[in-house]
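Notebook open, structure loaded. I wanted to look up how the chains touch each other, and then follow up one odd residue.

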Amino acid sequence: MLRKLTVLAAAVGLAFVATSALAASTKEEPVAPSAPWSFDGPFGTYDQAQLQRGYKVYREVCSSCHSMNLLAFRNLGDKGGPFWDPKYKSSVENGYVKAIAKDYQIADIDRDTGDAIKRPGTPADHFVAPFANEAAARASNGGALPPDMSLLARAREGGPDYIYSIVTGYHPAPAGLTVPAGKFYNPYMQGDLSSFWKGDPNKVPVGGFIAMPPPLADGKVSFDDKSPSDLKAEARDVSAFLMWAADPKMEERKQTGLAVMIFLLVFSGILYASYRTLWRNIDHH
Amino acid sequence: MGASRASPVSLKAGRIEGELKVAESLADSASNPGHAGDDPSRRDFIHIVAAAAAVGGAAAVAWPLIDQMNPAADTLALASVEFDLSKVELGQEVTIAWRKQPLFIRHRTPKEIAEAVAGDHADLKDPQTDAERVKAGHAEWLILLGSCTHLGCVPLFGQGEYGGWFCPCHGSVYDTSGRIRKGPAPLNLAVPEYAFLNDKTVKIG
Amino acid sequence: MTAHTTYEPKTAIERWLDTRLPIVRLGAEVLEFPTPKNLNYWWTFGGILSFCLATQIVTGIVLAMHYQAGGASAFLSVEQGIMRDVNYGWLIRGIHANGASMFFIAVYIHMFRGMYYGSYKAPRELLWLLGCVIYLLMMATAFMGYVLPWGQMSFWGAKVITNLLGAFPIIGKPITTLLWGGFAVDDPTLNRFFSLHYLLPFLIAAVVALHIWALHVPGNNNPTGVEVKSKADTVPFHPYYTVKDGFAIGVFLILFAVFIFYEPDALGHADNFIAANPLVTPAHIVPEWYFLPFYAILRAIPDKLSGVIAMFGAIAMLFALPWLNTSKVKSMRYRPTSKVYFLVFVVVCLILGWCGAQLPDDAVIPALGKTGINLIDSDLNSYVWLSRIATAYYFAYFLLITPILGLRETPLPVPDSISKPVLAGEAAKKD
């Protein structure tokens with residue numbers, strides 16, 4: 001039995017080494033403490049009320065600069081999404097989703113005249129990007145490109161914690177640090193500040209510069225469910241929403257995973273019994 | 001006692017599962033002495049359970065691999081369209097794309113409606129009245145899937161001896177209700193699921 | 001192949017088939033193949049690898065039904081189409097993407113097992129060489145597969161790796177241009193990588209068939225390294241090893257499932273969730289974990305061409321291994337000194353993998369800071385120097401330690417046969 005455990009331990013160990021090697025591959029940045037997420041752990045799920053609040057923050061603040069190209073309006077009404085309502089058979093029928101979609105003007109071609117037109121959105125349409133293309137986005141943002149938010153929470157080490165940290169982590173630049181025009185110091189941003197630092201070369205401040213001005217503030221968004229709308233609450237809610245946007249299949253994945261794990265444990269147990277029974281009379285050492 | 005009851009079970013299941021080999025090798029195994037206390041039937045049973053679990057697991061994995069070929073969520077989301085009927089002149093037809101197929105929206109004249117109703121009593125291959133093929137109170141609007149029921153070509157508007165459609169591929173002729181009147185097609189042109197949202201807007205799908 | 005089967009066609013149809021295409025006989029031959037009865041769990045990885053290959057091919061065929069190779073559409077077809085819209089797309093891609101890593105975990109264990117028990121020694125050299133060919137094909141397939149989602153790491157990984165070939169004088173530049181089909185990694189590159197990524201697994205399957213054929217001629221090696229002497233040493237492959245391998249696959253699947261369902265991103269890289277942008281390089285380009293040891297060897301050498309040669313040389317060592325081992329005893333169970341050097345070798349490979357993921361100039365022991373001893377180009381307390389030491393051991397293990405130890409080491413007494421090990425208790429303890 002000991003040898004069997006060794007085999008298993010070796011396999012797990014190898015995976016662990018590989019994983020931690022990758023995790024350690026990026027330079028360590030401080031991560032601000034954030035509330036535990038409802039979606040943490042193998043049984044975690046999204047908190048629908050939080051996703052709705054987060055969507056509101058995205059809609060009212062982030063969406064003026066950040067696109068969310070991979071998401072269609074209908075996704076908001078998908079199972080586990082912010083506006084999922086089991087009474088609708090399909091998210092396309094969802095009244096709330098329809099209303100959200102209608103607020104957007106979608107570029108289209110008139111079927112009869114061939115003219116470029118704008119029409120109200122339908123649930124099947126995708127979110128409309130605030131800028132026509134990358135060049136336009138950069139031109140309006142001092143040369144910086146506001147990243148697309150569809151996968152942002154998976155495209156950054158730390159995921160929602162990282163987003164929360166950036167949004168809440170703006171900090172006055174330490175004395176001796178020259179902040180370029182149009183930039184802000186943020187200790188959670190990745191970067192190397194040594195060429196902007198006049199002090200002790202061994203004490204270069206952590207963090208980097210970010211082109212985005214502090215986007216959220218106390219009371220910037222008022223939530224319909226009367227929950228607190230201080231900076232931290234807004235940041236937490238929008239981070240959770242972005243995690244959902246990046247990984248909408250998480251709940252389905254974890255639920256499937258539970259069934260699969262139970263099956264595999266039972267299956268392996270049965271096979272082990274079968275194996276032992278079969279080999280019991282074979283002297284194989 | 002237990003042995004005599006369990007052995008027919010194992011024999012039957014062994015035949016089914018093709019895992020008989022397991023049982024056979026055990027039974028035949030000459031290096032099997034000294035374990036007279038073993039219950040052979042129980043030992044067979046665990047192998048059958050193992051094989052059944054493997055088959056069950058494989059079957060469960062098969063479903064996602066098959067279901068992925070069904071229409072994806074983005075395809076299903078586009079499955080319904082709303083259409084403004086005021087764009088179709090009397091006596092004309094507009095073809096729009098619906099589920100990547102042509103959809104005929106025909107604004108019938110009173111004469112065409114009368115012909116269609118008259119055809120209700122003809123010898124029809126796929127008997128259906130004109131009233132069954134339009135919405136009550138909206139007899140002037142005929143909405144059909146533009147796909148010949150023979151082999152899927154797009155029938156031509158206003159052609160053929162019944163004033164309905166004519167399919168250029170194999171010569172099927174449809175009347176002004178879209179019913180098959182002549183030629184190889186077995187069925188009438190299909191009427192999709194649709195509803196009038198108001199007098200001028202129809203939602204298809 | 002000598003006949004081991006007791007298969008007798010029973011029905012008229014079976015007799016008819018047996019004289020024309022004896023495929024049932026071949027199946028029986030494989031299933032009843034006499035297999036040493038003392039194989040331990042390290043031997044289950046052959047079965048696990050077959051399972052991995054089948055899984056990758058099946059899920060890959062399915063993913064190809066939804067994937068669109070093209071600079072503008074590839075990222076969308078994966079991250080929007082497959083991951084969000086296709087029924088169970090997230091699951092199938094999760095299996096395929098993590099399956100590549102599982103495949104490599106299994107193949108590395110399989111290779112280390114072969115090295116430890118001397119499974120590559122005569123008469124199994126060709127079996128080992130075919131295995132090395134499979135490993136090479138796997139690396140090519142995995143590399144091209146990682147490019148397909150067309151994220152930032154896909155794009156820049158492809159660029160960096162294809163640029164390696166440019167190091168070779170004269171032929172380097174034309175070869176990279178030929179690979180790219182342009183002046184840089186672009187749509188034509190992506191399209192041909194997709195084509196080859198679909199093709200190579202079937203080549204792998206063909207070489208696996210040869211690998212198994214080459215296995216069935218001399219038969220399996222075993223933990224004692226002593227060849228099979230009599231029927232008492234063996235059991236038929238089925239049911240004894242089908243059930244044992246099945247159990248091992250079950251346990252392996254548990255690890256696999258943890259990644260698919262609970263840590264789907266752990267073995268990937270966050271930057272690959274950003275669509276490829278030829279104008280912006282990610283801060284830190286790292287290959288997939290299974291290439292990291294070779295990446296570390298590449299970076300250990302300050303000269304570009306020499307680095308590329310060292311990296312390919314590291315793989316070439318595996319091909320040469322059967323002729324580098326001079327020992328008369330196969331299994332390291334009876335070679336206590338070799339065992340120690342081998343374990344160090346395994347650790348060195350892990351260290352190389354670790355170094356491959358680090359920035360070369362970062363300190364290995366941060367608390368120590370700079371030692372001030374600057375050798376060649378870097379401080380001694382840096383990953384580049386750790387890589388150099390590990391690279392030196394890697395090559396020394398093949399070129400010096402293995403041949404010399406084979407001649408000089410005095411092995412422990414080796415049993416006469418599998419069934420009658422001398423000093424049975426002793427052997428079991430060392431196991």
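Started with chain A against chain B: the area buried between them is about 1,600 Å², with 62% given by carbon and sulfur atoms. Buried area here is the accessible area (1.4 Å probe) that two parts lose on being put together, summed over both. I'm working on a predicted model, where local features need pLDDT of at least 70, side-chain atom pairs count only at pLDDT 80 or more, and totals for chains, interfaces and linings use all residues. Residues are numbered from 1 along each chain as its sequence is written, chains are lettered from A and ligands numbered from 1 in the order in which they are written, and side-chain values use heavy atoms, with hydrogens and water left out.

Who loses the most area on the chain A side? A:Arg111, A:Ile270 and A:Asn281 do, together 31% of what that side buries. I counted 16 residues of chain A in contact (heavy atoms within 4.5 Å) with 22 residues of chain B. The chain A side divides into eight nonpolar, three polar and five charged residues. For that split, Ala, Val, Leu, Ile, Met, Phe, Trp, Tyr, Cys and Pro are nonpolar, Asp, Glu, Lys and Arg are charged, and the others, Gly among them, are polar.

Looked for salt bridges (a side-chain nitrogen of Lys or Arg within 4 Å of a carboxyl oxygen of Asp or Glu) between chain A and chain B and got zero.

Next, chain C against chain A. These two bury about 5,200 Å² between them, 71% of it on carbon and sulfur atoms. On the chain C side, C:Arg84, C:Trp90 and C:Tyr262 lose the most area to chain A, together 15% of what that side buries. The contact takes 55 residues from chain C and 57 from chain A.

How many salt bridges cross the interface of chain C and chain A? I found two. A:Arg154 pairs with C:Asp265 in a salt bridge, their closest N and O atoms 2.8 Å apart.

Last, the odd one: C:Arg113, in helix H5 of chain C (helices are DSSP runs of H or I, at least four residues, numbered from the N terminus). C:Arg113 is buried (under 20% relative accessible area, 1.4 Å probe, protein chains only) yet has no salt bridge. The nearest side chain of opposite charge (Lys and Arg positive, Asp and Glu negative; His and chain ends not counted) is C:Asp245, 9.4 Å away. Leaving out residues up to four places away in sequence, I noted that C:Arg113 touches C:Trp42, C:Trp43 and C:Ser119.

Notes: Helix = DSSP H or I, 4+ residues; strand = E, 2+ residues; numbered from the N terminus. Buried < 20%, exposed > 50% of the residue type's maximum accessible area, 1.4 Å probe, protein only.
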